[in-house]
Amino acid sequence: KKDIVIDESHLSDILSGDFEDLTGDGGVMKNVITKGEITERELPTNGDTILVNYVGTYRGIEFDRNQSGYPFEFVIGDGKVVSGWDIAFRTMRIGDCCELVLKSEYGYGDVGSPGPTKSTTIPPGAIIKFQVEFVNLKELVKSTRADDDRARLVALREERAQAIEEAKLAKEAKDKSKADAQAAYAAKQAAKGKKGKGGGGGTFVKKEKAEKVVKPKKQQGLKRAEKQAVAAAAAAAESSPDPPAP
């Protein structure tokens, strides 16, 4: 079996900072860049699914990172990631941003990790570095989403109840306005009728049209004959000679 030569010549360069030895043998070194807030679930344990952002480098060259901006998730103690991550994340709080330096026995061991290009290929015995951010525990994300959904439902119910109450008040106001208008119109009509009957606005006298008296046609003919007879007598008197003197 070929002996694996571990090159630690660059270790002092990548360990510049306040690193903590988590394993006692220098295999997993952690430097806290940013501290997160203390929560009820301060530290994760085996079986917890955690969400992380990460960038992995080997000799200063990036070889891996979580894709598309979505956090990478894994289960603590499940053996699906390098063992150095299981050790390091058990000591981190939500929101912590740290640098991790892993020796090969806590990284990709004596087999390394092939990549699509030479620069992304990790050779056997390599010491690797990660910058990681502990985003959240998945169970807390689910709980938070459930709480948000419940709060949103309560808010929608309150909005709906308020809308119904406002619609009810608007209808009552409209009905009252309509009833007041009808009452005012009825009162106005009643006052107008009372005034026409002489109830307070002066005496109302109805003018009656005078009847036209039509004289009988016979009476009209007699009167005309009388006038003609009188006229004829007067004319005869004027034309007759004067009587002889006695």
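Here are legends for four close-up views of this predicted model.

**View 1. N66 sits in the loop between strand 4 (61-65) and strand 5 (72-75).** Despite the loop address, N66 counts as buried, because its relative accessibility is 12%, below the 20% cut-off. Look for two polar partners of the N66 side chain: the side chain of N53, at 2.9 Å, and the backbone oxygen of Y70, also listed at 2.9 Å.

**View 2. Who else is around N66, once neighbours within four places in sequence are set aside?** The contact list reads V52, N53, Y54, P71 and F72. N53 is thus a familiar face, since its side chain makes the polar contact with the side chain of N66.

**View 3. D48 lies in the loop between strand 2 (28-34) and strand 3 (49-58).** Is D48 buried or exposed? It's buried, because relative accessibility comes out at 8%, again under 20%. The D48 side chain reaches back to the backbone nitrogen of T45, at 2.8 Å.

**View 4. The largest nonpolar core takes in 26 residues.** W85, F89, F130 and V132 have the most contacts inside this core. Strand 3, helix 2 (83-89), strand 6 (97-102) and strand 7 (128-137) each chip in at least two residues, and strand 7 gives the largest share, with five. Zoom in on F130 and, residues up to four places away in sequence aside, you'll find it touching Y54, V55, G56, F63, W85, C98, E99, L100, L102 and Y108. As general background, nonpolar side chains in soluble globular proteins tend to be buried together.

Key: Residues are numbered from 1 along each chain as its sequence is written. This is a predicted model: local features need pLDDT of at least 70, side-chain atom pairs count only at pLDDT 80 or more; totals for chains, interfaces and linings use all residues. Side-chain values use heavy atoms; hydrogens and water are left out. Helices (H or I, at least four residues) and strands (E, at least two) are DSSP runs, numbered from the N terminus. Buried means under 20% relative accessible area, exposed over 50%, partly exposed in between (1.4 Å probe, protein chains only). A polar contact is a pair of N or O atoms within 3.5 Å; within protein, one must be able to donate a hydrogen and the other to accept it, and residues adjacent in sequence count only if both atoms are side-chain atoms. Contact means heavy atoms within 4.5 Å. A nonpolar core is a set of buried Ala, Val, Leu, Ile, Met, Phe, Trp, Tyr and Cys residues joined through side-chain atoms within 4.5 Å.
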